[in-house]
Amino acid sequence: MKNPKINYEEYELTNGECVAMSTAPILMLALRKSDKKSYETLSKVLVKGVNDKDALEVAEFLYAAYKNANQDEEGTMTFTDFFENMDQDWRKNMEVINEMYSPSKKRDSGTDSEE
């Protein structure tokens, strides 16, 4: 069960599967021990920003956020599997990354009403 206090982003792969992604620091603490490369990618990009002109760096960041959110799950995808199935719309990928940098406030479903 995912921690409700942690901000997760939902990301849809080209095969229709939705996976969780996160840049939550508390998750990164555990990721540092279990997957140092993914940790270093997240850490570097969060501090310096993603080079949006480098497609591989964008993909590596998204994969690291995926690994961060799913590190307790069995059968997580390899980078190659993720790369093959990631959304091919780079603008959308950058929107997902921007949302992870600065998450918008999420509303509880059904509790807020439009006036």
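A residue counts as exposed when its relative accessible area is over 50%, and as buried when that area is under 20%. Keep those two cut-offs in mind, since I will use both words throughout. The model on the screen is a predicted one.

I start with the overall picture. The protein chain has 5 helices and 2 strands. Read from the N terminus, the order is β-β-α-α-α-α-α. The chain has 115 residues, and 37% of them count as buried. Its accessible surface comes to about 7,700 Å², and carbon and sulfur atoms hold 47% of that. Now take the contacts in the chain with a separation of 6 or more: 55% of them are between residues 24 or more positions apart.

Next, helix H1, which covers residues 25-34. Which residues of H1 are buried? They are Leu-27, Met-28 and Leu-31. These three cover an arc of only 100° around the axis, so they lie on the same side of H1. On the other side of the helix, Pro-25, Ile-26 and Lys-33 are exposed. What do the buried residues of H1 pack against? Their partners are helix H2, residues 36-48, and helix H3.

That brings me to helix H3, residues 55-70, where we find Ala-64. Is Ala-64 buried or exposed? Its relative accessible area is 0%, so Ala-64 is buried. Leaving out residues up to four places away in sequence, Ala-64 touches Leu-31, Ser-38, Thr-41 and Leu-42. Leu-31 has already come up as one of the buried residues of H1. As for Thr-41, its C-alpha atom is 6.6 Å from that of Ala-64, although the two residues are 23 apart along the chain.

Now the aromatic residues. A pair of aromatic rings is described by two things, the distance of the centres and the angle of the planes. How many aromatic pairs does a search of the whole structure find? It finds 6. I will go through one of them, Tyr-63 with Phe-79. The ring centres are 5.5 Å apart and the planes stand at 80°, so this pair is edge-to-face. The cut-off for that label is an angle over 60 degrees. The pair links distant parts of the chain, with Tyr-63 in helix H3 and Phe-79 in helix H4, 16 residues apart. The two partners are covered to different degrees: Tyr-63 is buried, at a relative accessible area of 10%, while Phe-79 is partly exposed, at 26%. Both belong to one aromatic cluster, together with Tyr-11, Tyr-66, Phe-82 and Phe-83.

My last stop is Asp-87. Where is Asp-87 found? It is in the loop between helix H4, residues 79-85, and helix H5, residues 90-101. Asp-87 has a relative accessible area of 14%, so this loop residue counts as buried. What does the side chain of Asp-87 reach at 2.7 Å? That is the backbone nitrogen of Asp-89. The side chain of Asp-87 also makes a polar contact with the side chain of Lys-92, at 3.1 Å. Setting aside neighbours within four places in sequence, Asp-87 is in contact with Tyr-11, Glu-12, Thr-14, Lys-92 and Asn-93. Tyr-11 you have just heard as a member of the aromatic cluster.

To sum up, we looked at H1 with its buried residues on the same side, at Ala-64 in helix H3, at the edge-to-face pair of Tyr-63 and Phe-79, and at Asp-87 in its loop. That is all from me.

Methods: Residues numbered from 1 in each chain as written. Predicted model: local features only at pLDDT ≥ 70, side-chain atom pairs only at ≥ 80, totals over all residues. Heavy atoms only, no water. Helix = DSSP H or I, 4+ residues; strand = E, 2+ residues; numbered from the N terminus. Buried < 20%, exposed > 50% of the residue type's maximum accessible area, 1.4 Å probe, protein only. Contact = heavy atoms within 4.5 Å. Areas by Shrake-Rupley, 256 points an atom, 1.4 Å probe, with all protein chains shown as cover. Polar contact = N/O pair within 3.5 Å; in protein donor to acceptor, adjacent residues only side chain to side chain. Phe/Tyr/Trp six-rings, centres within 6.5 Å; stacked < 30°, edge-to-face > 60°. Arc of directions from axis to C-beta.
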